[in-house]
Amino acid sequence: MVRPTRTRRIFFQPDITYFKPAGIPMVNLKETILSFDELESIRLIDSEKMEQNKAGKKMKISQSTLSRLLREGRKNLADAILQGHAIKIQGGNFKMVKQVGRGFGRGLGGGGRMRRFAAGPGGICKCLKCGYEEPQVRGQPCTNKKCPKCQTQMVRG
Ligand SMILES: [Zn+2]
């Protein structure tokens, strides 16, 4: 599946990014991935009851993109619940605009952690899809790079 490359602005990253059905051993558990931008569309539309065109503007995407994100996100959630999958929130093509809530844990990805490595050397670039990491080259944003393993756009990690 080819994902659109337009970066979505999101305003919220949850502290909890993994949900697991009770009573199922990890080995038997299947995971459904919900991306941060899908979750943001669900948050704006379903939780905050925002109009789609307004939510699209907020995320800096067209209403049709917003509506596709929303459909995919709702489908992922529905599939996970109906089939008893764990839900893992990760990845997506987004930029975190404002930190809401306390304490962002490691592994959330995206712009939420940008500040920490803004100074340049010492940072790493990370692929949110397969977990591949490599040192960040000074002056080269991670987002200019593609993961050598799975060709996903990388982020500072
Ligand atoms: Zn990768």
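**Helix α1 and two open sheets**

Let me start with a single pair, F19, which stands opposite I87 of strand β4. Please keep in mind throughout that what we have here is a predicted model. The pair sits where β2 and β4 run side by side in the antiparallel sense, joined over two bridges, and these strands belong to an open sheet of three whose order is β2-β4-β3, with mixed pairing. At the edges of that sheet are β2, residues 18-19, and β3, each of which pairs on one side only. Across β3 and β4 lies helix α3, and its direction makes an angle of about 160 degrees with β3.

That brings me to helix α1, where I would like to spend most of my time. Is α1 largely enclosed or not, and why? Of its 12 residues, 36-47, nine are buried, and the helix is therefore largely enclosed by the rest of the structure. The buried residues are F36, D37, E38, L39, E40, S41, I42, L44 and I45. What do they pack against? On the helical side, the partners of these buried residues include α2 (52-58) and α3 (63-83), while the strands that they pack against are β1 (8-10), β3 (31-34), β4 (86-89) and β5 (94-96). Just after the helix, K49 adopts a positive phi of about 55 degrees.

Now to the packing of α1 with α3 in particular. The angle between the two helices is about 100 degrees, and their axes are 8 Å apart; with roughly perpendicular covering 65 to 115 degrees, α1 and α3 are therefore roughly perpendicular to each other. By class, this contact of α1 with α3 comprises six nonpolar, three polar and four charged residues. Going through them by name, α1 contributes D37, E38, L39, S41, I42 and I45, and these meet L66, L69, L70, E72, G73, R74 and N76 of α3.

Let me finish with the other sheet on my list, which is again open and has three strands, in the order β7-β6-β8, here with antiparallel pairing. Its edge strands, each pairing on one side only, are β7, residues 133-135, and β8, residues 155-156. Between β6, residues 124-126, and β8 there are two bridges, and the two strands run antiparallel. Which residue of β8 is the bridge partner of C125? That partner is R156.

Key. Residues numbered from 1 in each chain as written. Predicted model: local features only at pLDDT ≥ 70, side-chain atom pairs only at ≥ 80, totals over all residues. Buried ≥ 20, exposed ≤ 12 C-beta atoms within 10 Å, placed from the backbone. Helix = DSSP H or I, 4+ residues; strand = E, 2+ residues; numbered from the N terminus. Contact = placed C-beta atoms within 7 Å. Axes fitted to C-alpha atoms, helices over the stretch in contact; angles between N-to-C directions. Parallel < 35°, antiparallel > 145°, perpendicular 65-115°, else oblique. Nonpolar A, V, L, I, M, F, W, Y, C, P; charged D, E, K, R; others polar. Pairing = 2+ DSSP bridges.
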